[in-house]
Structure formats: structure tokens, C-alpha cells
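Colleague: I'd like to see how the labels in this model are earned. Could you take me through some of them, with the cut-offs?

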Amino acid sequence: MTLTRRTLLTFAAATPALALLGQTSMAATPSIYANDGIAVDGTDVVGYFTQSEPVAGNADITHDWMGVTWRFSSEENRATFAAAPEKYAPQYGGYCAWAVSEGYTASTVPHAWKIVDGKLYLNYSRRIQRKWERDIPARIAAANANWPTILQA
């Protein structure tokens with residue numbers, strides 16, 4: 001291949017665009033999974049602990065934490081979360097616990113959940129949750145080893 005002035009100029013002109021493309025494709029995954037900036041699809045995460053079920057949050061009762069909006073079913077639950085968000089927020093930023101144990105991130109649904117040792121875990125679906133539940137300690141250990149470095153992938 002013969003390098004001509006035209007080839008060099010074309011390459012020089014394209015280099016900034018290629019660098020920008022590389023930066024865009026290497027963007028890190030957000031640390032909290034959220035749809036349109038709303039964590040856990042608007043579910044009140046304190047409700048998992050106090051009512052043992054997913055409880056819909058109210059769009060008028062919110063708290064911003066870690067760059068996303070968390071909804072709550074009551075002012076009391078909002079205050080409880082605001083006082084100790086790490087206690088109530090789902091593990092792995094609300095990404096699927098099974099997926100994180102496998103080395104990647106995936107979305108979750110509010111109805112595929114489990115509290116283990118006082119921590120909330122969410123999964124992609126109930127079917128995936130059943131797979132995760134076959135060996136919870138091993139899955140948690142694998143996910144803990146992967147988290148949060150998989151966000152950089």
C-alpha cells in the first residue's frame with residue numbers, strides 16, 4: 001500500500017471521530033439500574049422489608065439517591081430509606097443478581113425478589129430467580145466477586 005498525501009489527510013481527519021466513537025462504546029454501565037431515572041420500576045424498596053412484598057411507590061413521594069429517583073408508598077418509608085439507603089437499596093445496584101453472578105448486568109422486575117441475610121436481591125424474572133435460588137450462597141459469592149468491576153465492561 002502506498003501512502004499518499006490524500007490517504008494521510010483522510011486518516012488525520014477521521015482520527016478524532018474514531019476516538020470519540022471509542023469513548024462512546026466504552027461508556028461504563030450506570031451503578032444503579034433505573035428506567036427513565038426511576039429505580040426498581042417505582043417500587044417502594046422499604047416495602048419489601050416491612051410488608052414482605054413489592055409495594056408500588058407514589059410519584060409524589062420520592063428521594064433522589066445515587067443519581068436516580070426512588071419512589072415510596074409513604075412519607076415514613078421515604079424517611080426510613082433516606083436515613084439508611086444502603087440498608088434498603090437492592091444489591092448490585094438493582095441489576096439482576098443471577099446476571100451479576102454470571103459476569104454481566106441485566107434488568108430486573110420488582111416481583112422477582114428475595115431478602116437474604118437482610119439484603120434485597122432482584123432478578124430478571126421469576127424463572128431466573130428460581131435458577132438463582134438453587135445455590136444462593138454460591139451465586140452471591142460469585143456476584144460479590146464480579147461487582148462492581150462488571151460496570152466497567
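Modeller: Happily, and let's begin with Arg78, which has a relative accessible area of 23% and is partly exposed. Before we go on, this is a predicted model, where local features need pLDDT of at least 70 and side-chain atom pairs count only at pLDDT 80 or more, while totals for chains, interfaces and linings use all residues. Residues are numbered from 1 along each chain as its sequence is written, and side-chain values use heavy atoms, with hydrogens and water left out.

Colleague: Why is Arg78 called partly exposed?

Modeller: Buried means under 20% relative accessible area and exposed means over 50%, with partly exposed in between (1.4 Å probe, protein chains only). Arg78 has 23%, so partly exposed is the label. Glu75, at 47%, is partly exposed as well.

Colleague: What makes Arg78 and Glu75 a salt bridge?

Modeller: The term asks for a side-chain nitrogen of Lys or Arg within 4 Å of a carboxyl oxygen of Asp or Glu. The closest N and O atoms of Arg78 and Glu75 are 2.2 Å apart, so the pair meets that limit. Both residues sit in helix 3 (residues 75–83), three residues apart, and so about one helical turn separates them. Helices here are DSSP runs (H or I, at least four residues) and strands are too (E, at least two), numbered from the N terminus.

Colleague: How many salt bridges does a search of the whole structure find?

Modeller: It finds three. One of them joins Glu102 to Arg139, with the closest N and O atoms 2.4 Å apart. Because Glu102 belongs to helix 5 and Arg139 to helix 7, the pair ties together parts that are 37 residues apart in sequence. Glu102 is partly exposed at 42% relative accessibility.

Colleague: Why does the pair Glu133 and Lys114 count as a salt bridge?

Modeller: Their closest N and O atoms are 3.9 Å apart, which is within 4 Å, so the pair qualifies. Glu133 in helix 6 and Lys114 in strand 7 are 19 residues apart, and the pair links distant parts of the chain. Glu133 has 31% relative accessibility and Lys114 has 30%, so each counts as partly exposed.

Colleague: How do you know that the buried residues of helix 7 line one face?

Modeller: Those residues are Ile136, Ile140 and Ala143. Seen down the axis of helix 7, they fall within an arc of 65° (taken from the directions from the helix axis to the C-beta atoms), so they line one face. On the other side of helix 7, Pro137 and Ala145 are exposed. The buried residues of helix 7 pack against helix 5, strand 7, strand 8 and helix 6 (contact means heavy atoms within 4.5 Å).

Colleague: And what makes Thr108 buried?

Modeller: Thr108 has 6% relative accessibility, which is under 20%, so buried is the right word. Thr108 lies in the loop between helix 5 and strand 7. Not counting residues up to four places away in sequence, Thr108 touches several residues, including Tyr33, Asp41 and Gly94.

Colleague: Which backbone oxygen does the side chain of Thr108 reach?

Modeller: That of Gly94, at 2.9 Å.

Notes. Polar contact = N/O pair within 3.5 Å; in protein donor to acceptor, adjacent residues only side chain to side chain.
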